[in-house]
Amino acid sequence: MNHSLLGFIATTHQAVAYYNLWQLQQQFTINPKENLAEIARFPEPSEIDLYVLPDKLRQLVRLYIRLMRSIHVQREIDTAFDNFLTFMGDFNRVAEVSWNWICPALISSSNELLLVYQVRSKSKTKEENDESLEKVATIINRLFKICLTDKSVDPATSKKLCIHFFLATLIKIYFKLDHIELAKLMEKALMGTNSAIPTIINCPVQYRKHVVTYLYYSALLSLDDAEYALAEVKLLTAWDFLLCYNRPQKVQPHLEKILMLVAPLKYLSSRKRLSDALYEKYPNLKYIYKDQLLKSVREGNLAAFDEQLQKFHTVLLNRHIYLLVLRLKQLCYLLLVRKTANFYKTVNDKTPHIVPLAYFQKALDFAQNGSDPSKEEASVEQVECILANLIAQKHIKGYISHANRCIVLLKSDAFPKPAPLS
């Protein structure tokens with residue numbers, strides 16, 4: 001019970017002396033379960049008050065009391081934010097010379113710093129918020145590097161156990177600031193360790209949720225680099241981590257976020273769809289993919305696909321998967337080309353593998369515009385561009401004869417089964 005400043009200091013000393021990670025976390029939270037008002041009104045502690053504490057913690061206690069006062073007594077959000085940054089800067093200094101028992105308190109304080117930033121952001125301009133978020137990123141970046149460079153070879157004491165929380169938080173911040181290349185640089189630093197894609201067996205239970213967050217945002221970075229196979233591995237690993245939880249309802253929203261990415265990835269790589277059971281469990285995904293986007297792809301309905309892409313434009317952009325879903329349009333074109341080539345076989349049985357571009361032009365025109373005469377007709381150049389892309393992506397085997405205005409398809413297996421995504 002911290003009914004006095006000396007009592008608070010004594011409890012802090014006890015937490016440090018016995019490496020009580022949860023007690024330390026409670027000592028430095030901005031919303032303690034007990035004695036919040038008393039802590040916020042503590043006087044500035046003197047050196048005599050703090051003598052029982054290790055030197056490295058004395059300034060941290062002073063800064064914490066100052067932070068609590070600015071939040072709960074002065075109620076000044078700008079001062080509180082600045083004090084929190086100063087407090088976290090000193091907490092980083094303490095973390096540099098501590099082993100991983102301190103990590104839960106660091107994670108808790110980092111989350112609370114982000115909460116203070118979010119509250120403050122409601123009264124600030126975008127420019128002011130971006131500047132403040134850069135300051136938060138500097139704090140989190142330092143914590144990430146402290147964990148990354150931990151020299152301890154014993155997993156029981158290494159701060160690398162919680163590295164995924166700080167990297168995931170940093171990547172999320174860089175996404176918000178549109179610093180994608182910086183996010184990739186941070187992840188590249190992790191790739192040099194054996195922690196890039198963690199395994200369940202080597203990950204403590206209390207850090208698994210942070211690993212899931214990291215894998216999700218890491219998958220988004222892989223998608224940005226068109227590393228689709230790697231992105232799928234990361235997402236499925238995150239899925240496995242979530243399945244370890246005993247309360248499925250609690251993790252269902254996170255599973256849905258993962259499936260939002262897996263559904264188009266799976267279809268692109270192998271033309272496989274999510275099971276009907278999964279779609280029934282996640283009706284939002286069923287509505288977006290099964291009932292609309294993927295249905296249009298399977299039918300080669302370009303007009304419907306473009307309309308649906310526009311309809312879900314905001315959702316897909318917010319999830320950072322617009323470009324991934326846009327790539328499904330190539331499969332719309334592929335189905336249209338295959339149908340047209342099969343139709344041409346019924347017209348010309350002598351050279352069915354040599355298909356005039358005019359046939360594709362008509363098919364593309366109808367798929368895009370229907371019977372609306374007001375819309376611009378598809379051009380031969382557009383057809384050539386589409387076919388060239390499909391050939392380059394190895395969806396079609398053949399070549400375009402520009403002089404003869406036709407495509408020469410391989411006589412056998414002109415439309416091969418999908419190769420694994422790179």
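# Close-up views of cavities, a pocket, a helix pair and a sheet

**View 1. Helix H4 (55-72) and helix H5 (77-96) each supply at least two residues of the lining of the second largest cavity.** The model shown here, as in every view below, is a predicted one. The second largest cavity encloses a volume of about 50 Å³, and H4 contributes the largest share of its lining, namely three residues. Among the residues that line this second largest cavity are Lys56, Leu57 and Leu60, together with Val16, Leu24, Phe28, Phe91, Val94 and Trp101. When the lining residues of the second largest cavity are sorted by character, nine are nonpolar, one is polar and one is charged.

**View 2. The largest cavity holds about 90 Å³ of space.** The count of cavities of 30 Å³ or more comes to two. The lining of the largest cavity is made up of Tyr333, Leu336, Val337, Thr340, Phe360, Leu364, Val383, Ile386 and Leu387. Helix H18 (329-347), helix H19 (357-369) and helix H20 (380-392) each provide at least two residues of this lining, and H18 gives the most, with four residues. In character, the lining of the largest cavity comprises eight nonpolar residues and one polar residue, with no charged residue.

**View 3. The largest pocket has a volume of about 740 Å³.** In total, 24 residues line the largest pocket, and those that lie nearest its centre are Lys172, Lys209, Thr213, Tyr217 and His254. At least two residues of the lining of the largest pocket come from each of H6, helix H8 (163-176), helix H10 (208-224) and helix H12 (248-270). The lining of the largest pocket divides into 13 nonpolar, six polar and five charged residues.

**View 4. Helix H6 (residues 103-121) and helix H7 (residues 126-148) have axes that come within 11 Å and cross at roughly 175 degrees.** Two packed helices are described by the angle between their axes and by the distance between those axes. An angle over 145 degrees counts as roughly antiparallel, and H6 and H7 are therefore roughly antiparallel to each other. On the H6 side, the contact involves Leu106, Ser110, Leu113, Leu114, Tyr117, Arg120 and Ser121, which meet Asn129, Ser132, Leu133, Val136, Ile139, Ile140 and Leu143 of H7. Taken by character, the residues of the contact of H6 with H7 are nine nonpolar, four polar and one charged.

**View 5. Three strands form an open sheet in the order E1-E3-E2, with antiparallel pairing.** Strand E1 (354-356) and E2 stand at the edges and have a single partner strand each, so one side of each is left without a neighbour in the sheet. On average, and with direction ignored, neighbouring strands of this sheet are turned by 20 degrees against each other. Two helices can be followed over the strands: H19 lies across E1 and E3 and runs at about 55 degrees to E1, whereas H20 lies across E2 and E3 and runs at about 155 degrees to E2.

**View 6. Strand E2 (residues 398-401) and strand E3 (residues 406-409) run antiparallel and are joined by four bridges.** Ile400 has Ile407 in E3 as its bridge partner. The hairpin of E2 and E3 has four residues between the strands, and in this hairpin Arg405 takes a positive phi near 55 degrees.

How values were computed. Residues numbered from 1 in each chain as written. Predicted model: local features only at pLDDT ≥ 70, side-chain atom pairs only at ≥ 80, totals over all residues. Heavy atoms only, no water. 1 Å grid on protein atoms, 1.4 Å probe; cavity = no way out; pocket = protein on both sides within 12 Å on 5 of 7 lines; lining within 4 Å. Points joined across faces, edges and corners; volume = space filled by probe spheres on them. Nonpolar A, V, L, I, M, F, W, Y, C, P; charged D, E, K, R; others polar. Pairing = 2+ DSSP bridges. Axes fitted to C-alpha atoms, helices over the stretch in contact; angles between N-to-C directions. Parallel < 35°, antiparallel > 145°, perpendicular 65-115°, else oblique. Contact = heavy atoms within 4.5 Å.
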